[in-house]
Amino acid sequence: MGVCLQNYIPPESLTLSCPVCRQTSILPEKGVSALQNNFFITNLMEVLQRDPECSRLEACSVLESVNAAAAGKPLCCPNHEGKVMEFYCESCETAMCLECTKGEHREHVTVPLRDVLEQHKTQLKTQLDAIRNRLPQLTAAIELVGEISKQLTDRKNEAVTEISSTFEELERALQLRKTALINDLENIYSAKQKVLQAQLSSLLQGKDHIQSSCSFTEQALSHGSATEVLMVQKQMSERVSAMARHDFPERPHQNAHLDCQVETEGLRRSLQNLGVLITTAAVGHTSVATGEGLRHAATGQHVSVTVTTKDKDGELVRTGNAALRATVTPVADGSRIVTEPEVTDNKNGTYEVGYTLRSEGEFSFALSLYGQPLRGSPFRLQAVKPSDALPSPDDVKRRLKSPGGTAGHVRQKAVRRPSSMFSIKKKENPIEDELIHRVGTRGREKGEFTNLQGISASSNGRVVVADSNNQCIQVFSNDGQFKMRFGVRGRSPGQLQRPTGVTVDMNGDIIVADYDNRWVSIFSSDGKFKNKIGAGRLLGPKGVAVDRNGHIIAVDNKACCVFIFQSNGKLVTKFGARGTSERQFAGPHFVAVNNKNEIIVTDFHNHSVKVNGEFLFKFGSHGEGNGQFNAPTGVAVDTNGNIIVADWGNSRIQVFDSAGSFLSYINTSADPLYGPQGLTLTSDGHVAVADSGNHCFKIYRYLQ
């Protein structure tokens, strides 16, 4: 071992850093060679490393010496032959002989070995008891983890059974449908064939009659005598005349049209998304609850707290569906549950837990995740009369009537903001979410907004915002630093009256939809006016985008249609009209283009998103559930084709796959949106949204 350390430690070193634990110790004056040997370990190693061929007797003799050391019998000093180790150096924590106390340990405090023996034995027993006391905990943990493992296996087997039975049932249903279709096909075929065969039989019979009459008459004329011809003339004439007058069914009584049309595209799309495996990595001991409702409540008033779920490493869980349970019990009577709070799943890894207490007193508020307590649970909760309650610092939300409609928004109470030229607020709140930057406040100065609408991002790290009521365009860096603004109020070319939509083309030009001027303006990257297009055609453009061919796509909110222009203003095509059908719009807002060059439009009053070209498909319906909308606005598409949609009336951002199936939410719970409008993906892959009601834009971390 000494040789290993000598190779490990530089010759001039005065200290030793343990290769395993990195603890530093001071070396003796003579260096590594003066370190004490641990003969117990050394002898044990010799036994373990002995050649298997060695004699058993020799091994036993070594083990006897090891046993003697372990039994506390006097051991000889390794440094002074024949001397017994009778002393103990407290500084070096080692045993030694009398000669050692006069040598390298002469300045250390040494005591008789027997005096410290009992002290060390007591310490070791205490440590041993502490370790032994952990055994029940480990046993319980082993049982718990084993039980969870068993439950997981049971759940998996149940899920496999359910999947198998579901798909077997679907196979049976498909087989039944197949049989029904074939039976219907056979019936239709038989009916049509019966008509055709009857007609065919009639025609064949008529043909035979005509042929036989012709043959008989020709035979008589050719070979009959005069007497024979005269005898059959009348009969043959009547028969031939009758045949000539007969109305044969010469026109088909049926057709051969018999096709089978099976519309499989929708079914295939449904099958691709059929079945969802619901799971989460959330665990109780790392998940946290926040809010005044953990500690204080006023009787008769609804109180809520927020639970943020995390995995075993403390990383945020981004999905919902965790088994979260909450109970409130009186401290005086823990067996009586006074209320089971309502748990609302935000589907993004956070949960709202709300409750109302009817009586005063002390309560225990327990939160458990999959049967395991959350960090800090149970919480001691004090309920008092409303007149005795202090205002809650967590009371930051209120319901307001949405502008221009009856749908509700969740909005923060007004917060006094700095009076600086513009405000960038980094996320600093107790609920961990995906907000990176909040930029701006209400006002008319640089970096301030009044009813911002469209938002776009450039490839060179810029975020461009249409500041509608300030009649200008403002440009920021990806981290929210103000760069420039341009725009003069007016109705002449190059002026802005009500900018709503904005996008940046592949050349860096900034393209602005001007709702009140009824045209689209094109500016250079530094804000110089270049051209206007769509004048005389557009009635109220709202959203604008550029496709892969460089065409400018303008959504006409007022005319309920979509225009596609060349960059020089020449109309390529337009589609859509006012209405509720698949190819119609009702107040379309914003537009995006996916990697297939398909046009994606948010249909505001139809509460849906439509993927267009020749109409492809739509998704969404009116509501507050997953994949439902209360008037969708901004839209963007990520590099994987996933569609990100701002849900104006529900004040949230939802994410869908390229086929329109709901995937997740962007977590906006800590600083709620209020009527979000435009939405874009920044060049560094984050989601930027125009939070119109809060007069700012926000940038959220987005994991593709």
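This short presentation describes a predicted model of one protein, from its overall make-up to selected local features.

Good morning. Let me begin with the overall picture. The protein has 704 residues, and 39% of them count as buried. Seven helices and 41 strands are assigned. Among contacts with a separation of 6 or more, 49% are between residues 24 or more positions apart. The accessible surface of the protein is about 41100 Å², and carbon and sulfur atoms account for 51% of that area.

I turn now to the helical part. The unreviewed UniProt entry places a "coiled-coil region" at residues 114-141. In the model, that span is 100% helix and 0% strand, and its end C-alpha atoms are 41 Å apart.

There is also a nonpolar patch on the surface. Its area is about 750 Å², and it is formed by I163, F167, L170, L174, L267, L271, L274 and L277. Two helices, α5 (113-223) and α7 (265-272), each contribute at least two residues to the patch. The largest contribution, four residues, comes from α5. One member of the patch, L277, sits in the loop between α7 and β6 (283-290). Is L277 buried or exposed? Its relative accessibility is 73%, so L277 counts as exposed, the threshold being over 50%. As general background, nonpolar side chains in soluble globular proteins tend to be buried together.

That brings me to the interior. The largest nonpolar core has 24 residues, and those touching the most other members are V307, V353, L357, F365, L367 and L381. Which elements give two or more residues to this core? They are β8 (302-310), β9 (324-330), β11 (350-356), β12 (361-369) and β14. Of these, β12 provides the largest share, with four residues.

L357 deserves a separate remark. Leaving aside residues up to four places away in sequence, L357 touches A297, T299, G300, V328, V338, T339, F363, L381 and A383. A second core, separate from the one just described, has 14 residues, including L435, A636, V687 and V689.

Next, the charged pairs. The structure holds 13 salt bridges, and I will discuss three of them. In general, side chains of opposite charge can pair when their charged atoms come close.

The first example is K312 with D313, where the closest N and O atoms are 3.3 Å apart. K312 counts as exposed at 59% relative accessibility, and D313 is likewise exposed, at 55%.

The second example is K347 with D345, with 3.5 Å between the closest N and O atoms. Here K347 is partly exposed, with a relative accessibility of 25%, and D345 is partly exposed at 23%.

The third example pairs D671 with R438, and the closest N and O atoms are 2.9 Å apart. Where do the two partners lie? D671 is in the loop between β38 (662-665) and β39 (676-681), whereas R438 belongs to strand β18; the pair therefore ties together parts that are 233 residues apart in sequence. Both D671 and R438 are buried. Through salt bridges with shared partners, R438, D671, D691 and K698 form one network.

Finally, I should like to point out three features of the backbone. The peptide bond from S377 to P378 is cis, with omega near 0°. P378 lies in the loop between β13 (372-373) and β14 (379-384), and β14 is among the elements already named for the largest core.

The other two features concern positive phi values in residues other than glycine. For N451, phi is near 60°. N451 is located in the loop between β18 (435-439) and β19 (452-457). With a relative accessible area of 22%, N451 is partly exposed.

H607, also not a glycine, has a positive phi of about 55°. The loop that holds H607 runs between β32 (599-603) and β33 (608-612). Is H607 buried or exposed? The relative accessibility of H607 is 14%; because buried means under 20%, H607 counts as buried.

To close, three places may be worth viewing on the structure: the nonpolar patch that includes L277, the core residues around L357, and the network joining R438, D671, D691 and K698. Thank you for your attention.

How values were computed. Residues numbered from 1 in each chain as written. Predicted model: local features only at pLDDT ≥ 70, side-chain atom pairs only at ≥ 80, totals over all residues. Heavy atoms only, no water. Buried < 20%, exposed > 50% of the residue type's maximum accessible area, 1.4 Å probe, protein only. Core = buried A, V, L, I, M, F, W, Y, C linked by side-chain atoms within 4.5 Å. Contact = heavy atoms within 4.5 Å. UniProt positions renumbered as here; feature names shortened; annotations may be inferred. Patch = residues over 30% accessible without salt bridge, like charges linked within 9 Å, V, L, I, M, F, W, Y side chains within 5 Å. Areas by Shrake-Rupley, 256 points an atom, 1.4 Å probe, with all protein chains shown as cover. Salt bridge = Lys/Arg side-chain N within 4 Å of Asp/Glu carboxyl O.
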